[in-house]
Amino acid sequence: MKKILFACDLDNTLIHSYKHKVDGDICIEIYNGREQSFISSRAVEMLKEIAEKILFIPVTTRSIEQYNRIEWLEGTTPEFAVVSNGANLLQNGEINLNWQKDFYKNIRPYENELQRQLERFSQDKNFTISRIVDGSFLFLKSNDDADIKKVSEEIQGDTNLVVEYSGRKIYLFPPNLNKGAALLKLKEIFEPAKTFAAGDSSIDIPMLQVADVAFAHRNLKLNHENFFAFDSVDFLEDLLENGKY
């Protein structure tokens, strides 16, 4: 078994949307016939190098369907991926039922609240999307006029779910459904000597906090003794350097 486990967020950490594409980037996701997500050619080469030394596992809030849209390039395809913000583990694209059973028992007590909030926002014209993702959490997407921070605070005052926001997106999670719990479970399964984690948003903080070494976007405030700030995929170089010991 490889001694290092690298848990990595995807969107805006390792991959990015077409809106941020630059020359040389490689498309790895097509959605509705359009190029949707890209990865830098440099990141691809770094991932190939990492694969020889480190167990790379994406840990993402993407749904199973959204994750499976990613077309990994040869030499970079992960065997394992944590999706649905931790609710599901995929191995070669297949759902690990034991993992799912463990996490869904913590989701079940909040099913009625998820449904209540879904019904509430399905009728709210300020939101263009409202759906429960993989039976695990509620995802909302607001229109351009909404004050996301204010709206999120108002929602938090009306629910026992954990409310997070990023851009125009709001997420309502059962309290025990987070990337930190997922990384702790990965540690239990793979027993790595050391764990690295990378992320760019508050949703990634629980995962970053339980990693031995954390790589976070410099705009993200993180209290961690082994913390490396990054602006781009340069953090992969730091990971390789630190992964030597």
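1. A residue counts as buried under 20% relative accessible area, as exposed over 50%, and as partly exposed in between. At 47% relative accessibility, Glu45 therefore belongs to the partly exposed class. The structure discussed in this note is a predicted model, and the points below apply these classes to its cysteines, cores, first helix and charged pairs.

2. Cysteines. The model contains zero disulfides. The reason lies in the separation of Cys8 and Cys27: the cysteine sulfur closest to that of Cys8 is in Cys27, 18 Å away, which is too far for a bond. A disulfide would require the two sulfur atoms to be within 2.5 Å. The surroundings of the two residues may also be noted: Cys8 is buried, at 0% relative accessibility, whereas Cys27 is partly exposed, with a relative accessible area of 23%.

3. Nonpolar cores. In soluble globular proteins, nonpolar side chains tend to be buried together. Here the largest nonpolar core comprises 47 residues, and Ile170 and Leu186 have the most contacts inside it. A second core, separate from this one, has 32 residues, including Ile28, Ala43, Leu47 and Leu239.

4. Surroundings of Leu186. When neighbours within four places in sequence are set aside, Leu186 is in contact with Leu5, Ile57, Val59, Val82, Leu89, Trp99 and Glu191.

5. Helix 1. This helix spans residues 41–51, and its buried residues are Ala43, Val44, Met46, Leu47 and Ile50. Viewed down the helix axis, the buried residues fall within an arc of 165°, so they line one face of helix 1. The elements against which these buried residues pack are strand 1 (4–8), strand 3 (26–31), strand 4 (34–39), strand 5 (54–58) and helix 8 (235–242). Ala43 and Leu47 are also among the members of the second core.

6. A charged pair within helix 1. Lys48 and Glu45 form a salt bridge through their side chains, with an N to O distance of 3.7 Å. Both residues lie in helix 1, three residues apart, which is about one turn of the helix. Lys48 is partly exposed, with a relative accessible area of 32%, and Glu45 is partly exposed at 47%.

7. A buried charged pair. Side chains of opposite charge can pair when their charged atoms come close. Among the 16 salt bridges of the structure is that between Arg62 and Glu29, at 2.8 Å from N to O. Arg62 is in the loop between strand 5 and helix 2 (64–68), while Glu29 is in strand 3, so the salt bridge ties together parts that are 33 residues apart in sequence. Both partners are buried: Arg62 has a relative accessible area of 8%, and Glu29 is at 1% relative accessibility.

8. A charged pair in helix 4, and a network. The side chains of Arg116 and Glu113 meet in a salt bridge of 2.9 Å, N to O. These two residues are three apart in helix 4 (residues 111–122), a separation of about one helical turn. Arg116 is partly exposed, with a relative accessible area of 36%, but Glu113 is buried, at 14% relative accessibility. Elsewhere, salt bridges with shared partners join Asp11, Glu29, Arg62 and Arg69 into one network; the pair of Arg62 and Glu29 described in the preceding point belongs to this network.

How values were computed
Residues numbered from 1 in each chain as written. Predicted model: local features only at pLDDT ≥ 70, side-chain atom pairs only at ≥ 80, totals over all residues. Heavy atoms only, no water. Buried < 20%, exposed > 50% of the residue type's maximum accessible area, 1.4 Å probe, protein only. Core = buried A, V, L, I, M, F, W, Y, C linked by side-chain atoms within 4.5 Å. Contact = heavy atoms within 4.5 Å. Helix = DSSP H or I, 4+ residues; strand = E, 2+ residues; numbered from the N terminus. Arc of directions from axis to C-beta. Salt bridge = Lys/Arg side-chain N within 4 Å of Asp/Glu carboxyl O.
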